[in-house]
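Okay, thanks for coming, everyone. I'll put the structure up and then talk you through a few parts of it.

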Amino acid sequence: MPSTPTFRFQDQDLIRIGDEHNALLLAPWAGGRLVRWLHRGTDILYWPDNADWSRPAKVRGGNPLLFPFIGRHFVDGEPGKWRDGNGVVRPMPQHGFARDLPFEIAQCDPARSITMALTDSEATRDAYPFAFRFEVRYRLLPEGLEVGLAVRNVGTEALPFYAGHHFYFAVPHTLRGQCRLTMPSADRLRQRPEGKLTAAEVGEPIYALNDPRLQDTFHRLHRVGRNTCKLRIPAADGNGSNGRTITLHLDGEHDSACWHAVTTWSERDDSDFYCVEPWLGLPDAIHRTGEALWVAPGGTTEAVCRLLLA
């Protein structure tokens with residue numbers, strides 16, 4: 001494998017894929033975090049200038065990896081727990097544990113792509129008693145980025161999972177009212193404080209990013225496979241004819257897992273980012289029959305999304 005090129009950023013040695021104009025900066029040791037994605041010299045993702053690298057999992061920015069489960073889980077109304085098939089109650093942090101653990105570099109093409117992997121260890125087995133290999137593959141495209149998530153079951157019993165992304169797109173908060181998010185056919189849901197989901201409401205085809213119906217909302221897709229979301233961000237001067245459009249193409253022809261939902265969220269009204277997150281499931285899915293994905297012993301399941309820029 002070629003040597004992995006490093007780049008000094010915020011006093012951290014990160015892995016750089018690409019060049020100074022089109023590049024990815026990644027921190028495999030910090031949850032496999034994609035920190036920056038530059039396209040033609042422009043940051044597509046948000047990353048704070050004052051990031052706290054002593055707690056990188058808590059930094060609002062880049063693309064945290066959500067695995068093995070997404071969101072918050074509850075047992076008898078208590079958060080941070082789930083009940084396995086044998087009735088054992090286990091801990092489960094919000095969005096799983098992957099973003100807190102170091103990944104290894106499995107493959108690296110410094111000009112184009114990188115694959116990082118997380119495997120089961122003493123740090124994972126109390127929360128998730130399965131033998132697994134979780135891989136994320138980032139590949140630069142001429143006009144975008146392809147990301148693949150793959151889960152391999154290296155154990156002797158079927159394992160459940162539902163992974164996802166947490167893309168923090170760079171969006172000036174002053175422009176939210178002019179930004180437009182085009183969505184595929186979907187239902188809107190949220191999670192109640194005790195963990196249950198709200199009743200589904202039929203979603204809209206287009207939203208402004210300042211629409212309160214988007215905040216902390218799950219958009220459960222009606223169609224399986226071949227879904228597309230578009231985020232239109234005007235130029236900083238508000239000129240609608242400029243700016244950029246990020247199109248998320250969900251699911252490829254040969255994927256073995258299909259994206260289940262897209263979640264929309266931002267931290268505050270004045271946050272200069274907005275999250276559009278492809279997910280393979282919904283929070284607490286392990287406690288609802290038929291919602292978790294399962295991988296048979298020796299099997300691998302993969303989901304891919306492409307982010308194209310215009």
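So, to start: how many of the residues of strand 4 (residues 33-39) are buried? Seven of its seven, so to speak a mostly covered strand. By buried I mean under 20% relative accessible area, with exposed over 50% and partly exposed in between, using a 1.4 Å probe and protein chains only. Strands here are DSSP runs of E, at least two residues long, and helices are runs of H or I with at least four, numbered from the N terminus.

Quick housekeeping. This is a predicted model, where local features need pLDDT of at least 70 and side-chain atom pairs count only at pLDDT 80 or more, while totals for chains, interfaces and linings use all residues. Residues are numbered from 1 along each chain as its sequence is written, and side-chain values use heavy atoms, leaving out hydrogens and water.

Back to strand 4, then. On one side, strand 3 (residues 23-27) runs antiparallel to it, joined by five bridges. In that pairing, Leu25 stands opposite Arg36 of strand 4. The hairpin of strand 3 and strand 4 has five residues between the strands, and there Gly31 takes a positive phi near 70°.

Strand 4 also has two bridges to strand 5 (residues 42-43), again antiparallel. His39 has Thr42 in strand 5 as its bridge partner. This hairpin has two residues between its strands, and Arg40 in the turn shows a positive phi of about 55°.

Zooming out, these belong to an open sheet of five strands in the order 1-2-3-4-5, with antiparallel pairing. Strand 1 (6-9) and strand 5 stand at the edges with a single partner strand each, so one side of each has no neighbour in the sheet. For pairing, DSSP has to find at least two bridges between two strands.

Now for the inside. A nonpolar core, as I use it, is a set of buried Ala, Val, Leu, Ile, Met, Phe, Trp, Tyr and Cys residues joined through side-chain atoms within 4.5 Å. The largest one has 77 residues, and Phe67, Phe134, Tyr138 and Phe169 have the most contacts inside it. Strand 13 (residues 132-141) gives the largest share of this core, five residues. There's also a second, separate core of ten residues, including Phe9, Leu14, Ala30 and Val35.

What does Phe169 touch, leaving aside residues up to four places away in sequence? Among its contacts (heavy atoms within 4.5 Å) are Ile44, Leu45, Tyr46, Leu231, Asp272, Phe273 and Leu307.

On to the aromatics. Rings of Phe, Tyr and Trp (its six-membered ring) pair if their centres lie within 6.5 Å; planes under 30 degrees apart are stacked, over 60 edge-to-face, and the rest tilted. That rule gives 21 aromatic pairs. Take Phe103 and Phe134: their ring centres are 6.1 Å apart and the planes sit at 65°, so this pair is edge-to-face. Phe103 is in the loop between strand 10 (89-91) and strand 11 (104-109), and Phe134 is in strand 13, so the pair ties together parts 31 residues apart in sequence. Both rings belong to buried residues, with Phe103 at 7% relative accessible area and Phe134 at 0%. Ring pairs also link a cluster that includes Phe67, Phe69, Trp82, Phe103, Tyr128 and Phe134.

A word on backbone oddities. Most residues other than glycine have a negative phi, and most peptide bonds are trans. Here, though, the bond from Phe67 to Pro68 is cis, with omega near 5°, and Pro68 falls in the loop between strand 6 (65-66) and strand 7 (74-75). His95 isn't glycine, yet its phi is positive, near 65°. His95 lies in the loop between strand 10 and strand 11 and is buried at 8%. Arg226 likewise has a positive phi, about 60°, in the loop between strand 22 (217-221) and strand 23 (227-233).

Last one, for anyone thinking about cysteines: how many disulfides does the search of the whole structure find? Zero, where a disulfide means two cysteine sulfur atoms within 2.5 Å. For Cys275, the closest cysteine sulfur is in Cys179, 13 Å away and too far for a bond. Cys305 has its closest one in Cys229 at 9.9 Å, also too far. Cys275 is buried at 0% relative accessibility, and Cys305 is buried at 0% as well.
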